[in-house]
Amino acid sequence: MRRRSLTGPLILILLGVLFLTRNLWQEIPLFQWISMYWPFILIAWGVLRLIEVLIEASQSKPLPSGGLSGGEVALIILLCVVGSGMHAADRHGVHFPPFGNTSLEMFGEQYDYRTSAEKPVKGKVHVVFENLRGNVRISGSDEPVIKVDEHKMVRAFNKPDADQADGQTPLEIVLDGDRIVVRTNQEKASHARRISSDLEVTLPRIAAIEGRGSYGDYDVNDVAGSVDISSGNAGVRLTNIGGSAKVDLQRSDMVRAVDVKGNVDIEGRGSDIELENIAGQVTVNGSFSGTLQFKNLAKPLHLESRNTDLRVEKVPGTITMDLGDFTGTNLIGPVRLVTRSKDIHLEDFTQSLELETERGDIDLKPGKLPVPKIDARSRSGNIDIELPESAKFELKATTTRGEAHNEYGAPIQTATEGQGGTLKGKTGDGPVITITTDRGAVTVKKS
Amino acid sequence: MISGNELIRAVRGPIILITIGTLFALDHMTPYGFQQTWPVILIVVGLLTLAGRATRSGPPAGGVA
């Protein structure tokens, strides 16, 4: 009889380890790891089979021809399809919801506990929240006291177990150096993952806030100090913040900040971002796959992700972007946007524009005079530009494969070259407008 | 005793598997995409077939001196 291969049991072990990791350490971006490193499973599998064959050969046993069974080939093809699918999904910013979370919470029953604590404070304070799991809602008030209402949910099989867990995790407000720490002590319980605490906090308006956690939303309103939140998985909503805001997340469904006087700094991975009325600089660094919206930013915006690099001097209007589209209205330049594949619409922008996309149509309406200096290129996609009648500019629009349409009229002249075409023209002494596409139509219109 | 030909045939699957795995790893971690490197698979299969022929017992295939 042929000796059974080792690969079957090893794959089972690997799957077990993966799911276990997923369940125990949720904050590890496992999906990202697998999508990156799955080819090593193929390599390891191949090496393993090679060693098996060589051992069998050295023992002069009969060798299987081809080395792989039909079932294995099918499994390998499946692995390739799933693996490259995951990689493509990850590269385009798709995240899968956590599924390890629900399995444990199906067992047992939920017991609720409510407590509260308060501590008078004076002067400017720095308050740190340490709540592993659960939502935190913070609002500033005029009273010189920190008040915390806690709603603790313990999942257990019986009441004594739940009571014990409740006893192990007291709500504390303690002074630590020049900081005040509010903690829920969940990590002290024997089953930390089964406890979650929602906190309702009021504190003196001038406080600076620091939030730490691994799962749960943060809601901060009417605070004059700075806000710094880092979490494994959180939705963050900030309203009326006097200082700067820093948000660092490994996963998130939503980051929203409205009326912030200082800088806003967002880092990590997540879905939607919504920023409105920000007086300071805005920096977004990471991978956010949902809809990103920026409205009324008074200082420079810089967004950097794996596929997109965006810099704008000021945004009096709106920028909306998602995976496939970028729309900007009323921007103050210089504007610079480099992206992989997006359709781009820009209206009313000033100073200068530098635009580059690999795949996607570009639609430009500079609107106001004087016309900004423009350099727009697409590897594959149509480019339309609409220029005002009295604008002064020097235009050069080129397509390597595609048609060139002149709907502006004189003094722009059209020339056909091979499979492509060029539009050239100069009115007065204006900035240079360069438009280039490798494949697609270029069109110049008059507004 | 196992002939060289049998050995080559037995290692063919695992070697192709390792090649494909390496190409995917290159695709994900370096700028060399799978759409550029796939001919490597043809080369590896070709080399394995050649090695199989060279070690075959019996009358040599046409073209072998």
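Modeller: Before we start, a residue counts as buried if 20 or more other C-beta atoms lie within 10 Å of its own, exposed if 12 or fewer, and partly exposed in between, with C-beta atoms placed from the backbone. This is a predicted model, where local features need pLDDT of at least 70 and side-chain atom pairs count only at pLDDT 80 or more, while totals for chains, interfaces and linings use all residues. Residues are numbered from 1 along each chain as its sequence is written, and chains are lettered from A and ligands numbered from 1 in the order in which they are written.

Biologist: Thanks! Is A:Asn330 buried or exposed, then?

Modeller: A:Asn330 counts as partly exposed, because it has 17 C-beta neighbours inside 10 Å. It sits in strand S21 of chain A (strands are DSSP runs of E, at least two residues, and helices are runs of H or I, at least four, numbered from the N terminus). Its phi is positive, near 55 degrees, although the residue is not glycine.

Biologist: And what is phi at A:Gln351?

Modeller: About 65 degrees, again positive in a residue that is not a glycine. A:Gln351 lies in the loop between strands S23 (343-349) and S24 (352-359) of chain A, and is partly exposed with 15 other C-beta atoms within 10 Å.

Biologist: Where is the cis peptide bond?

Modeller: Between A:Gly333 and A:Pro334, with omega about 5 degrees. A:Pro334 belongs to the loop between strand S21 (325-331) and strand S22 (335-341) of chain A.

Biologist: Switching to chain B: how many residues does each chain bring to the contact?

Modeller: Chain A gives 23 residues and chain B gives 19; two residues are in contact if their C-beta atoms, placed from the backbone, lie within 7 Å.

Biologist: Nice. How do H3(A) and H1(B) pack?

Modeller: Helix H3 (residues 39-58) of chain A and helix H1 (residues 4-29) of chain B have axes 7 Å apart, at an angle of about 160 degrees. Axes are lines fitted to C-alpha atoms, for helices over the stretch in contact, and angles run from 0 to 180 degrees between N-to-C directions. So H3(A) is roughly antiparallel to H1(B), a word used for angles over 145 degrees.

Biologist: Last one: what is the mean pLDDT of chain A?

Modeller: It is 86, and 92% of the residues of chain A reach 70 or more; pLDDT is the predictor's confidence in each residue, from 0 to 100. Over residues 98-104 of chain A the pLDDT is below 50. Where pLDDT is low, the predicted coordinates should not be read in detail.

Note on methods: Angles under 35 degrees count as roughly parallel, over 145 as roughly antiparallel, 65 to 115 as roughly perpendicular and the rest as oblique.
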